[in-house]
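Work through the exercises below with the sequence and the 3D view side by side. Try each task before reading its solution.

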Amino acid sequence: MAVTPLLSRRFFKKQFPLFSFYSSFSTTTSSPPPPIRVALTESVGRAVFATRPIASGDLIHTATPTVCHPSSSSARAACYSCLAALPHSQSQGIPFCSQRCHQRSKGYYDVEMKANWVAFNDYCWTRGLKYPFLVKRLVCMVISGDARSDTLDILQPANLTPEMVLKMEEEFLLLRNAFTKALIADEHIAFLTKQWYINILARIRINAFRIELAGGLYEDLLASAVASVEAEAAVGNAVYLLPSFYNHDCGEELRICYIDASLDRNARQELLSRGFGFQCNCSRCLHGD
């Protein structure tokens, strides 16, 4: 089965539904509505619920990313707009895989190209930071009119310690200075305050998805996904609105697993506590599986 290069997030669970989040540019409106609804809960805020029985392997819905950015290792090899792999002959030139991607992102691409990002990029890359690049992309989208400054406000933020907030100050200043030195008008970056930056980063930290390029046979996808996780390899990161409402579970109900579900219970609990700030109490974890 051939799969067109796309921004995708695929979840394969034995005996459980298939979740696929695509970067889709389809203009058709004939598709039936997804079998889900989003509702508020008392314990975890917004959550996703099924509106009808969903069989194993069903495609629940597709989603287009609100904001995305390639990883440092893919910056010259992935499309600026959709993260699809660029032809080798094109990797040193125009950073778009198609004219469609160029046109849809031209506004915020032009904004980004006005600034010098050497200091900001070096600071983030040397410290292994990836989410500030998503904030940078979102700022460019707001300046160009392609997004609102409150686009991600609907998402749940991470709990940040004072130490974490303090570390964000330098990257914020580098980001703000890059736009100021590029002579972006003050009224266009009035929204870009330290508090706005922290609020956006707090939401991105627990809602961003790692992006891998899916392709090949269905049977090969699990193996490639495991290899990607073990190698910490990803073509980039992206934030989707609807998929962000799925809560975590290691194996039941209409939820997704934020981590590698093949890890043992102790490893899963440690990763979730350190990376997402909660203890998983799904039936699998409670039974020590």
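The model is predicted.

**Exercise 1. Overall inventory**

Task: State how many helices and strands the protein has, and what percentage of its residues count as buried.

Solution.
- Start with the secondary structure. The protein has eight helices and seven strands.
- Next, burial. The chain has 289 residues, and 44% of them count as buried.
- Then the surface. The accessible surface is about 15,600 Å², with 53% of that belonging to carbon and sulfur atoms.
- Last, the contacts. Take those between residues at least 6 apart in sequence: 66% of them join residues at least 24 apart.

**Exercise 2. The three-stranded sheet**

Task: Give the order of the strands in the open sheet and identify its edge strands.

Solution.
- The order is β5-β7-β6, with antiparallel pairing.
- The edges are β5 (67-70) and β6 (208-211), since each of them pairs on one side only.
- From one strand to the next, the twist averages 20°.
- Now take the pairs. β5 and β7 are joined by four bridges in the antiparallel sense. Here H69 stands opposite N237 in β7.
- β6 and β7 (residues 236-239) also pair in the antiparallel sense, over four bridges. In this pair F209 has A238 of β7 as its bridge partner.

**Exercise 3. What covers the sheet**

Task: Find which helix touches β5, β6 and β7, and which helix lies across β6 and β7. Then decide whether the faces of β5 are covered or open.

Solution.
- Helix α3 (residues 131-144) packs on the sheet and touches β5, β6 and β7. Its direction makes about 125° with that of β5.
- Helix α5 (residues 194-207) lies across β6 and β7. It runs at about 50° to β6.
- For β5, recall a rule: in a regular strand, side chains alternate between the two faces of the sheet.
- Sort the residues of β5 by side. V67 and H69 are on one, C68 and P70 on the other.
- These residues are all buried, and both faces of β5 are covered.

**Exercise 4. A hairpin**

Task: Determine how many residues separate β3 and β4 in their hairpin, and how many bridges join them.

Solution.
- β3 spans residues 36-41 and β4 spans residues 45-50.
- Three residues lie between them in the hairpin.
- The two strands pair in the antiparallel sense over six bridges.
- For a check in the 3D view, find L40: it stands opposite R46 in β4.

**Exercise 5. The partners of α2**

Task: Describe how α2 packs against α4 and against α3.

Solution.
- Two packed helices are described by the angle between their axes and the distance between the axes.
- Take α4 as the partner. The axes of α2 (residues 118-126) and α4 (residues 162-181) come within 8 Å and cross at roughly 155°. α2 is therefore roughly antiparallel to α4, the cut-off being over 145 degrees.
- The crossing of α2 and α4 is left-handed.
- Now the residues. A119, F120 and Y123 of α2 meet K167, E170, E171, L174 and L175 of α4.
- Turn to α3. The axes of α2 and α3 are 9 Å apart, at an angle of about 150°. So α2 is roughly antiparallel to α3 as well.
- F120, N121, C124 and W125 of α2 make this contact with P132, F133 and K136 of α3.
- Compare the two lists: F120 appears in both.

**Exercise 6. Loop residues**

Task: Decide whether L83, L183 and I94 are buried or exposed.

Solution.
- L83 lies in the loop between β5 and α1. Its phi is positive, about 70°, although it is not a glycine. Its relative accessible area is 0%, so L83 is buried.
- L183 lies in the loop between α4 and α5. Its phi is also positive, near 65°, and L183 is not a glycine. Its relative accessible area is 75%, so L183 is exposed.
- I94 is in the loop between β5 and α1 (99-113). I94 counts as exposed because its relative accessibility is 52%, and the cut-off is over 50%.
- One distance to verify: the C-alpha atoms of I94 and R76 are separated by 9.5 Å. Along the chain these residues are 18 apart.

Conventions:
Residues are numbered from 1 along each chain as its sequence is written. This is a predicted model: local features need pLDDT of at least 70, side-chain atom pairs count only at pLDDT 80 or more; totals for chains, interfaces and linings use all residues. Side-chain values use heavy atoms; hydrogens and water are left out. Two strands pair if DSSP finds at least two bridges between them. Axes are lines fitted to C-alpha atoms, for helices over the stretch in contact, and angles run from 0 to 180 degrees between N-to-C directions. Contact means heavy atoms within 4.5 Å. Buried means under 20% relative accessible area, exposed over 50%, partly exposed in between (1.4 Å probe, protein chains only). Accessible areas come from the Shrake-Rupley method with a 1.4 Å probe; for residues, only the protein chains shown count as cover. Angles under 35 degrees count as roughly parallel, over 145 as roughly antiparallel, 65 to 115 as roughly perpendicular and the rest as oblique. A crossing is left-handed if the near helix is turned anticlockwise from the far one by less than a right angle, and right-handed if clockwise.
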